[in-house]
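Colleague: I've just opened this one and would like to go through it with you. Let's take it piece by piece.

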Amino acid sequence: MSDHPSQALAAFAAQLRYEDIPPAVMARAEDLMLDWFGSALAGRNGRPVQCIESFARTMGAGPGGGAEVLISRRTTTPLFAAMVNAASSHYAEQDDVHNGSVFHPATVVFPAVLAVAQANGASGRELMTAAVAGYEVGIRVGEFLGRSHYRTFHTTGTAGTVAAAAAVGRLLGLTPERMLDAFGSAGTQAAGLWEFLRDAADSKQLHTAKAASDGLMAAYLAAEGFTGARRILEGKQGMAAGMSHDADPARLTNGLGTRWATAETSFKFHASCRHTHPAADALLQVIVAEDLRPEQIAAVTAHVHQGALDVLGPVVDPRTVHQAKFSMGTVLGLIAQFRSAGLNEFDEAYADPRIVALRDKVTMALDDEVDGAYPARWIGKVTVTTTDARVLRARVDEPKGDPGNTLSRRELEDKALRLARFSAAATDDEMRAVFERIWHIGRTPVVGHFLAPGETR
């Protein structure tokens with residue numbers, strides 16, 4: 001293990017070249033970018049997103065700046081474009097997740113690198129190399145901070161700030177020393193607390209907006225010679241010291257250049273917190289196999305890991321669509337009623353009396369096997385008791401969207417089309433043009449705008 005893991009990680013990010021990245025990993029990064037793009041559009045009409053967009057309009061520069069705000073198609077500075085696009089892409093709960101770090105990389109990495117690439121006239125290869133650098137760094141920081149960190153801190157807000165700094169720093173061509181400075185400035189700004197879930201507050205979108213924009217700022221400051229703490233991650237008064245009880249510095253440099261964590265990242269199938277997905281898949285398996293009707297279900301036990309209890313446990317009576325996405329009972333109720341927990345099901349039925357009745361039949365129980373495998377593996381197990389006293393069980397070892405049970409490019413395109421239609425942020429023809437651009441991003445000499453300019457209709 002390096003005696004200065006922050007420095008080793010910074011050097012890796014600064015020196016990563018497009019040619020260093022295996023073609024299969026780069027193809028996965030393209031998949032992840034497309035998946036992110038759809039999520040960014042899906043958040044267009046969310047009230048918290050609109051609040052942050054209003055703030056960005058008030059505080060940002062006027063028209064110009066070169067960076068595209070996807071939900072409004074206006075241009076602004078990279079800082080404010082990254083802020084809005086990051087908020088929007090984390091709203092629908094359809095953005096990607098890396099299991100082992102419990103971190104959503106796309107929602108903080110792609111908003112930052114796309115904004116800077118557009119403003120600076122970077123190539124597609126430069127953009128994608130920077131994105132992979134951000135994924136590799138952010139995932140390792142999340143793994144380093146450990147399970148204890150996630151009990152209180154939203155890792156996407158904390159590790160995500162460093163990920164965005166790494167990605168933008170690579171795009172700006174920072175030296176290893178300046179990249180380490182960027183890490184220092186990013187880490188000292190890293191924040192995001194789970195308390196908002198208890199109040200159905202809007203903070204989750206603020207977490208990603210700030211992670212992307214603060215990471216971007218850290219990289220730009222480093223380029224100007226602004227210095228940062230040299231051991232912000234593992235130092236005696238660094239992130240781990242203040243935010244974790246089980247941090248493992250070895251995870252910061254685990255397999256750099258040989259283990260590509262980007263390729264381990266999962267797609268989200270259901271429009272809800274990822275902690276609900278394993279149980280949702282297992283329940284769907286039972287319902288389909290037994291052709292169960294909702295009225296035949298007397299009780300459901302979701303056998304879960306501790307992280308699910310920590311995050312989902314406080315949500316007992318969801319008062320908003322977004323809070324309902326963190327309610328295991330609501331998610332499983334939608335699965336039981338509609339065999340789907342998508343955007344439309346949440347919007348139209350999360351408070352439906354039928355769903356509320358099903359929600360109240362669901363309990364979560366800590367399961368030693370599931371907890372022992374987490375976070376490397378997210379096993380889904382449910383026990384269903386029927387009204388005629390049958391006891392049915394099911395398990396899923398890889399939820400839909402995991403690398404071993406992934407979404408094909410056709411499925412990713414279909415998902416992105418659904419997301420854009422949901423918010424009316426882009427037409428099907430516009431989205432198909434976006435698909436072609438992303439699938440050939442490595443041959444793009446200059447990254448421009450993806451959607452026609454001007455206000456959305």
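**Sheet, helices and domains**

Colleague: Which residue in E4 stands opposite Thr301?

Modeller: Before I say, this is a predicted model: local features need pLDDT of at least 70, side-chain atom pairs count only at pLDDT 80 or more, and totals for chains, interfaces and linings use all residues. Residues are numbered from 1 along each chain as its sequence is written, and side-chain values use heavy atoms, with hydrogens and water left out. Strands E3 and E4 run parallel and are joined by five bridges (strands E of at least two residues and helices H or I of at least four are DSSP runs, numbered from the N terminus; two strands pair if DSSP finds at least two bridges between them). The residue opposite Thr301 in E4 is Thr363.

Colleague: In what order do the four strands of the open sheet come?

Modeller: E3 (residues 297–304) is joined to E5 by six bridges and the two run antiparallel. E5 also pairs with E6 (residues 391–396), again antiparallel and over six bridges. The pairing in the sheet is mixed, and the order is E4-E3-E5-E6.

Colleague: Which are the edge strands?

Modeller: In this open sheet of four strands, look for the strands that each pair on one side only. That gives E4 (362–366) and E6.

Colleague: By how many degrees are neighbouring strands of this sheet turned against each other on average?

Modeller: Direction is ignored for this one, and the axes are lines fitted to C-alpha atoms, for helices over the stretch in contact, with angles elsewhere running from 0 to 180 degrees between N-to-C directions. The average turn is 20 degrees.

Colleague: Which helix packs on the sheet, touching E3, E5 and E6?

Modeller: Don't mix it up with H15 (residues 328–338), which lies across E3 and E4 and runs at about 125 degrees to E3. The helix you want makes about 130 degrees with the direction of E6. It covers residues 277–290 and is H12.

Colleague: Which residue in E6 stands opposite Lys381?

Modeller: Lys381 is in E5, and on the E3 side it stands opposite His303. E5 and E6 form a hairpin with four residues between them, and Ala389 in the turn has a positive phi of about 75 degrees. Across in E6, the partner of Lys381 is Arg395.

Colleague: Why is E5 called largely enclosed by the rest of the structure?

Modeller: Buried means under 20% relative accessible area, exposed over 50%, and partly exposed in between (1.4 Å probe, protein chains only). Strand E5 spans residues 380–386 and is largely enclosed because of its buried count: six of the seven.

Colleague: Is Val304 buried or exposed?

Modeller: Val304 sits in E3. Leaving aside neighbours within four places in sequence, Val304 is in contact (heavy atoms within 4.5 Å) with residues including Met328, Met364 and Leu366. With a relative accessible area of 4%, Val304 is buried.

Colleague: Which helices do the buried residues of H1 pack against?

Modeller: H1 (residues 5–15) is mostly covered, with eight of its eleven residues buried. Among them are Leu9, Phe12 and Ala13. They pack against H6 (124–152), H7 (155–172) and H8 (176–189).

Colleague: How far apart in space are Phe422 and Ala42, C-alpha to C-alpha?

Modeller: Phe422 lies in helix H19 (residues 409–423), and at 29% relative accessibility it counts as partly exposed. Leaving aside neighbours within four places in sequence, its contacts are Ala42, Leu343, Asn344 and Asp347. Phe422 and Ala42 are 380 residues apart in sequence, while the spatial separation is 6.3 Å.

Colleague: Which residues of domain 1 lose the most area to domain 2?

Modeller: The assignment, which is an automatic or database one, gives domain 1 (5–267) and domain 2 (274–396). Contacts involve 21 residues of domain 1 and 19 of domain 2. The domains bury about 1900 Å² between them, 60% of it on carbon and sulfur atoms (accessible area, 1.4 Å probe, that two parts lose on being put together, summed over both). Together accounting for 33% of what the domain 1 side buries, the residues are Asn99, Arg147 and Leu197.
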